[in-house]
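I opened my notebook to look up a few residues one at a time. Come along and follow each entry with the structure beside you.

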Amino acid sequence: YPGPSLFLHARGDVLVPPRHAELNARWAGARARLELLPNGDHNSIQYFNLEAYWQHVAALVEQVAGGAR
């Protein structure tokens with residue numbers, strides 16, 4: 001997949017450490033965007049970062065849809 005990638009991860013995630021997201025984003029290179037969100041954990045990232053979470057998702061969708069035009 002050559003398109004943009006978004007990695008959303010909670011800093012407080014103890015199930016999958018944030019370092020994993022950092023490594024995945026590094027592997028994806030310049031097309032990757034990593035957002036380490038300040039609140040929540042593995043199962044509550046969206047709940048505790050609701051606005052920021054969906055802003056990042058919307059930005060990615062806009063980027064992908066904008067590239068398809």
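**Entry on Leu34**

I looked up Leu34 and found it in strand β2, which covers residues 32–37. I kept in mind that this is a predicted model.

Is Leu34 buried or exposed? I got a relative accessible area of 29%, so Leu34 is partly exposed; the buried class needs a value under 20%, and the exposed class one over 50%.

Next I asked which residues Leu34 touches. Leaving out residues up to four places away in sequence, I noted Phe7, Ala21, Glu22 and Ala25. I also checked Leu34 against Ser5: they are 29 residues apart in sequence, and their C-alpha atoms are 8.4 Å apart in space.

**Entry on aromatic pairs**

How many aromatic pairs does a search of the whole structure find? I found two.

One is formed by Tyr47 and Phe48, with 4.9 Å from centre to centre and 90° between the planes, an edge-to-face pair. I then looked at their accessibility. Tyr47 has 66% and counts as exposed, while Phe48 has 47% and counts as partly exposed.

I turned to Tyr53 and Trp54 after that. Their ring centres are 5.2 Å apart and their planes are at 70°. Why is this pair edge-to-face? I reasoned that an angle over 60 degrees counts as edge-to-face, so the 70° of Tyr53 and Trp54 puts them there.

For accessibility, I wrote down 18% for Tyr53, so Tyr53 counts as buried. Trp54 has 43% and counts as partly exposed.

How values were computed: Residues numbered from 1 in each chain as written. Predicted model: local features only at pLDDT ≥ 70, side-chain atom pairs only at ≥ 80, totals over all residues. Heavy atoms only, no water. Helix = DSSP H or I, 4+ residues; strand = E, 2+ residues; numbered from the N terminus. Buried < 20%, exposed > 50% of the residue type's maximum accessible area, 1.4 Å probe, protein only. Contact = heavy atoms within 4.5 Å. Phe/Tyr/Trp six-rings, centres within 6.5 Å; stacked < 30°, edge-to-face > 60°.
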